[in-house]
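Let's take a walk through this fold together, helix by helix and hole by hole. Keep the viewer open so you can click along.

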Amino acid sequence: MAVMFPQLPLYVIAIICGILSFLVTRLSMPKIIKKLEKANIVGKDIHKSWKPIVAEMGGFGILFGFIIGIFAGIGMHSILTFPLCIVLIVILLVGIIGIADDLLVLSSKEKLFLLFLAGIPLIWAAPPEVGILYLIAIPIAVSIGANLTNMLAGLNGIEAGLGIIALGSLTISCIILGKYDVTIISMSMLGALIAFLHFNKYPAKIFPGDTGTLIIGATIVAIAFIGRVKLIAFIVLIPNIIDAALKFYSAGVMERQQFKPTQLDEEGRLVRPETGFKSLIRFILRKPIKEEHAVKIIWAIGIVFGIIGILIALSMPGFAENETIEDIMYIKEFFYTLG
């Protein structure tokens, strides 16, 4: 395939990877939903008055699309085979941990430790000149990042939507900075998430499960370290960080079995419990709100921080050195002179 497409620029390859991952996830999800329902891998949607039974572990479809997208990237640009394979290994390991968590319900400590182990291969994609502390920070960041995107969850479309916003902002930022290689990673996950959201948005036909939510954060961390856009990745994850900080401050480290779920009023609107832990969702629920409206508010918060991340990319030195941006600016000046 590398011979077939020798002249394709990296950003074009990234777009192709994104389209392929979208198509694979979009086409496979209906069958995955049926298979999960047949296997009784389902859960009750407690945020609806009629309590529908919905398929769980939809992260299978996201993971499947992402794998195909990455393989396409390897085939079209073999020079990137090593870093892309490393990322693929990490995301597959994180996905396996998500599957185990969905089926066996791991404790918080078990999950953190296993995610740390899953992040270790990413060390081999680190720059050669970094120190030991930097290397140790990589699997720690994978463990924390995966947990962050796993914690801000529970409403139809909230995880996939925030993942799309975060990865979309990271993709734009990497293009601005000329880091086209990592856009293959971001676009592969972005395409799969966009396809998945069609089935996960209100009213959801399937939940992502930890299989889906953990790999979103792990992908963001992988992009942060390989693309050296750690500050931007931190910013796009701020909604998740705020949510985690509120939960930890109010309740410490809690197991999910201790969580008291958000309640419904007589009109089917979400109402936060009078007691229990604090969270970003419950902060928004200071008055009763419909589920789909609460999700849109969370998305809007994510968009704000995504835009901030893009603005920071525009202020970074790499922006001025980006040849594609230089070409765009040249064309812009050319049209000004015509006027």
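A residue counts as buried here when its relative accessible area is under 20%, as exposed when that area is over 50%, and as partly exposed in between. Keep in mind, too, that what you're looking at is a predicted model.

With that cut-off in hand, try G18, which sits in helix 1. Is G18 buried or exposed? Its relative accessibility comes out at 6%, so G18 counts as buried. Leaving aside residues up to four places away in sequence, G18 touches M187, S188 and G191. There's also a glycine from elsewhere in the chain to look at: G73 is 55 residues away in sequence, yet the C-alpha atoms of G18 and G73 are separated by 9.6 Å.

Now zoom out to the whole chain. It has 339 residues, and 50% of them count as buried. The secondary structure adds up to 14 helices and 4 strands. If you take the contacts between residues at least 6 apart in sequence, 73% of them join residues at least 24 apart.

Back to helix 1, which runs over residues 10-38. Its 29 residues reach 41 Å from first C-alpha to last, close to the 42 Å you'd expect at 1.5 Å a residue. That end-to-end figure doesn't rule out a bend, though: there's a kink of about 40 degrees at M29, shortly before the proline P30. M29 itself is on the list of buried residues of this helix, along with I13, A14, C17, G18, S21, V24, T25, S28, I32, I33 and L36. What do the buried residues of helix 1 pack against? Their partners are strand 1 (42-44), strand 2 (53-55), helix 2 (59-76) and helix 7 (180-200). Just after helix 1 ends, N40 takes a positive phi of about 60 degrees.

For a contrast with G18, hop over to I99 in helix 3. At 21% relative accessibility, I99 counts as partly exposed, because that category starts where buried (under 20%) stops. Its contacts, again not counting residues up to four places away in sequence, are M57, F60 and T211. The C-alpha atoms of I99 and G59 are separated by 8.7 Å, with their positions 40 residues apart along the chain.

Next up are helices 5 and 8, which both turn up again once we get to the empty space. Helix 5 has 20 residues, which should span 28 Å at 1.5 Å a residue; its end C-alpha atoms are 29 Å apart, so the two agree. Its buried residues include P139, A141, G145 and N147. The buried residues of helix 5 pack against helix 3 (81-104), helix 4 (108-119), helix 6, helix 8 and helix 10 (238-251).

Helix 8 passes the length check as well: its 18 residues should span 26 Å, and the end C-alpha atoms are 27 Å apart. How many of the 18 residues of helix 8 are buried? The count is 18 of 18, so helix 8 is largely enclosed by the rest of the structure. Just after it, R228 takes a positive phi of about 55 degrees.

Time to look at the space between the atoms. The second largest pocket holds about 240 Å³. Its lining is made of 14 residues, with A141, V221, F225, F234 and L237 lying nearest the centre. Helix 5 (132-151), helix 8 (209-226) and helix 9 (230-236) are the elements that give two or more residues to this lining, and helix 5 has the largest share with 5 residues. By residue class, the lining splits into 12 nonpolar, 1 polar and 1 charged.

How many cavities of 30 Å³ or more does a search of the whole structure find? It finds 1, and the largest cavity holds about 70 Å³ of space. Among the residues lining this cavity are T149, E159, I216, L237 and N240. Helix 6 (158-176) and helix 8 each supply at least two lining residues, and helix 6 gives the most, with 4. This lining divides into 7 nonpolar, 3 polar and 1 charged. One residue to click on last is L237: it lines the cavity, and it is also among those nearest the centre of the second largest pocket.

Definitions and conventions: Residues numbered from 1 in each chain as written. Predicted model: local features only at pLDDT ≥ 70, side-chain atom pairs only at ≥ 80, totals over all residues. Heavy atoms only, no water. 1 Å grid on protein atoms, 1.4 Å probe; cavity = no way out; pocket = protein on both sides within 12 Å on 5 of 7 lines; lining within 4 Å. Points joined across faces, edges and corners; volume = space filled by probe spheres on them. Nonpolar A, V, L, I, M, F, W, Y, C, P; charged D, E, K, R; others polar. Expected span 1.5 Å × (residues − 1). Bend = angle between axes of the 7 residues up to and from the residue. Buried < 20%, exposed > 50% of the residue type's maximum accessible area, 1.4 Å probe, protein only. Contact = heavy atoms within 4.5 Å.
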